[in-house]
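Biologist: I have a new model to look through and would like to work out its layout step by step. Could you help me read it?

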Amino acid sequence: MEFRSHMHIAMDEARAAAARGEVPVGAVIVGPQGVVAQAGNRTRALNDPTAHAEILAIRAACAALGQERLAGYDLYVTLEPCPMCAAAISNARIARLYYGAADPKSGGVAQGPKVFSHPQCHHAPEIYDGLDAAASEALLRDFFAAKR
């Protein structure tokens, strides 16, 4: 099977989040049947600190599929997941995580607590980092530069 990135969909969600005034992070969940769910950050819109793109996409995918786990599904996200999102990815049993920009300040995968390598982590996805990292970084940099 040939690899096909879906990061462009996550980038579209990140751009839409930025247009709403949200931190520009987007996520998409893909399974054997194709795209199952996609989302961008909505913490401000929903007044919900847990409304990160990854959490929203996981919730939508589980609801669409009528199941609590996403074994065999892939998650594409524009920014390295934070510890909260990494824990949700583990609990959802996501098979593969693809992410763009590293997050030295708040990341939970390759930075900080490194959730998937923690002994209490029950499931660790395959991890592929750096997909379209430059585009993700530029979107975040431009968003925060405009706020200053």
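Modeller: Gladly! Let's start with a definition: two strands pair if DSSP finds at least two bridges between them. Keep in mind as we go that this is a predicted model.

Biologist: Thanks! Which residue in strand 2 does Ile29 stand opposite?

Modeller: Begin with the two strands: strand 1 covers residues 26-31 and runs antiparallel to strand 2, with 6 bridges joining them. Across from Ile29, in strand 2, stands Ala37.

Biologist: And what is the bridge partner of Gly31 in strand 2?

Modeller: Strand 1 and strand 2 make a hairpin, with 2 residues between them. Gly31 belongs to strand 1, and its bridge partner in strand 2 is Gly34.

Biologist: Which residue of strand 3 is the bridge partner of Val28?

Modeller: Strand 1 is also joined to strand 3, by 4 bridges, and these two run antiparallel. Val28 is one of the residues of strand 1. In strand 3, its bridge partner is Tyr76.

Biologist: Is strand 1 largely enclosed by the rest of the structure or not, and how many of its residues are buried?

Modeller: In a regular strand, side chains alternate between the two faces of the sheet. Here Gly26, Val28 and Val30 point one way from strand 1, while Ala27, Ile29 and Gly31 point the other way, and all of them are buried. Strand 1 is therefore largely enclosed by the rest of the structure, the buried count being 6 of the 6 residues.

Biologist: Let's step back to the whole sheet. Which are the edge strands?

Modeller: The sheet is open, has 5 strands with mixed pairing, and follows the order 2-1-3-4-5. An edge strand pairs on one side only, and that description fits strand 2 (34-40) and strand 5.

Biologist: What does the twist average from one strand to the next, and at about what angle does helix 4 lie to strand 4?

Modeller: From one strand to the next, the twist averages 15°. Helix 4 (residues 133-147) packs on the sheet and touches strand 3 and strand 4. Its direction makes an angle with that of strand 4 of about 55°.

Biologist: Now for the rings. How many aromatic pairs are there, and is the pair of Tyr76 and Tyr98 stacked or edge-to-face?

Modeller: Searching the whole structure gives 3 aromatic pairs. The ring centres of Tyr76 and Tyr98 are 4.5 Å apart and their planes are at 10°. Planes under 30 degrees apart count as stacked, so this pair is stacked.

Biologist: How many residues apart in sequence are the parts that this pair ties together?

Modeller: Tyr76 and Tyr98 are both buried. Tyr76 lies in strand 3 (residues 74-79) and Tyr98 in strand 4 (residues 96-101), so the parts tied together are apart in sequence by 22 residues.

Biologist: Which three residues form one aromatic cluster?

Modeller: Tyr98 also forms a stacked pair with Tyr128, at 4.9 Å centre to centre and 15° between the planes. This pair links distant parts of the chain, since Tyr98 is in strand 4 and Tyr128 is in strand 5 (residues 126-129), 30 residues apart. The cluster consists of Tyr76, Tyr98 and Tyr128.

Biologist: Is Tyr128 buried, partly exposed or exposed?

Modeller: Tyr98, its ring partner, has a relative accessible area of 7% and is buried. For Tyr128 the relative accessibility is 35%. Partly exposed lies between under 20% and over 50%, so Tyr128 counts as partly exposed.

Biologist: Which side chain of opposite charge is nearest to Glu54?

Modeller: Glu54 sits in helix 2 (residues 53-65). Leaving aside neighbours within four places in sequence, its contacts include Val25, Ala27 and Leu75. Glu54 is buried yet has no salt bridge, and at 11 Å the nearest side chain of opposite charge is Arg59.

Biologist: How far away is the nearest side chain of opposite charge to Asp103?

Modeller: Asp103 is in the loop between strand 4 and strand 5. Asp103 is buried and has no salt bridge. The nearest side chain of opposite charge is Lys105, at 7.5 Å.

Biologist: One last residue: is Pro49 buried or exposed?

Modeller: Pro49 is found in the loop between strand 2 and helix 2. Leaving aside neighbours within four places in sequence, Pro49 is in contact with Thr43 and Met84. Its relative accessible area is 65%, so Pro49 is exposed.

Note on methods. Residues are numbered from 1 along each chain as its sequence is written. This is a predicted model: local features need pLDDT of at least 70, side-chain atom pairs count only at pLDDT 80 or more; totals for chains, interfaces and linings use all residues. Side-chain values use heavy atoms; hydrogens and water are left out. Rings of Phe, Tyr and Trp (its six-membered ring) pair if their centres lie within 6.5 Å; planes under 30 degrees apart count as stacked, over 60 as edge-to-face and the rest as tilted. Buried means under 20% relative accessible area, exposed over 50%, partly exposed in between (1.4 Å probe, protein chains only). Axes are lines fitted to C-alpha atoms, for helices over the stretch in contact, and angles run from 0 to 180 degrees between N-to-C directions. Contact means heavy atoms within 4.5 Å. Lys and Arg count as positive and Asp and Glu as negative; His and the chain ends are not counted. A salt bridge is a side-chain nitrogen of Lys or Arg within 4 Å of a carboxyl oxygen of Asp or Glu.
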